[in-house]
Amino acid sequence: MPLSEHEQRLLEEMERNLYQNDADFVATVSGRRGKPNYRMIVIGALLAVAGVGALVAGVIVRQPLIGVAGFALMLGGVLLVITPGRSEAGSAAPASSGRARAPRSSWMSTMTDRWERRQDERGE
């Protein structure tokens, strides 16, 4: 069933707003990602494996305190793997984002302008 003219205009307006908001979101988030710290990933994985071992050992020995400590070690290792390192991200982010943020935002605004022009040409 085809959309009416009014519904098509509303849909196009919602798409433009969505793309505009997504462009802002991408520009905001892209400056915060840094290189992964492989040393922290390896240390976190080793901690998680040691935590699993301690958890199993706590169950075998029937000592809940060892099991809880193993779970905490496992959780800490997993968190270390999935979160970026603060020292590396903190030192690299201001230097790279200061230079790279302006070109990215101008590139995103250029892309957004092009998209809006295409949408306007298509709608007319």
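These legends go with close-up views of helix α3 and its surroundings in a predicted model. Local features need pLDDT of at least 70 and side-chain atom pairs count only at pLDDT 80 or more, while totals for chains, interfaces and linings use all residues. Residues are numbered from 1 along each chain as its sequence is written, and side-chain values use heavy atoms, leaving out hydrogens and water.

**View 1. Helix α3 from end to end.** Here's α3, residues 64-82 (helices are DSSP runs of H or I, at least four residues, numbered from the N terminus). Its 19 residues reach 27 Å from first C-alpha to last, close to the 27 Å expected at 1.5 Å a residue (that is, 1.5 Å times one less than the number of residues).

**View 2. The two sides of α3.** G67, G70, M74 and G77 are the buried residues of this helix (buried is under 20% relative accessible area, exposed over 50%, partly exposed in between, with a 1.4 Å probe and protein chains only). They cover an arc of only 90 degrees around the axis, so they sit on the same side of α3 (the arc uses directions from the helix axis to the C-beta atoms). Over on the other side, P64, L65 and V68 are exposed.

**View 3. α3 against α2.** The buried residues of α3 pack against α2 (38-61) (contact means heavy atoms within 4.5 Å). V56 belongs to α2 and is partly exposed at 45% relative accessibility. Between V56 and G70, the C-alpha to C-alpha distance is 8.1 Å, with 14 residues separating them in sequence.

**View 4. V78 on α3.** V78 lies in helix α3, and its relative accessible area of 40% makes it partly exposed.

Notes. Helix = DSSP H or I, 4+ residues; strand = E, 2+ residues; numbered from the N terminus.
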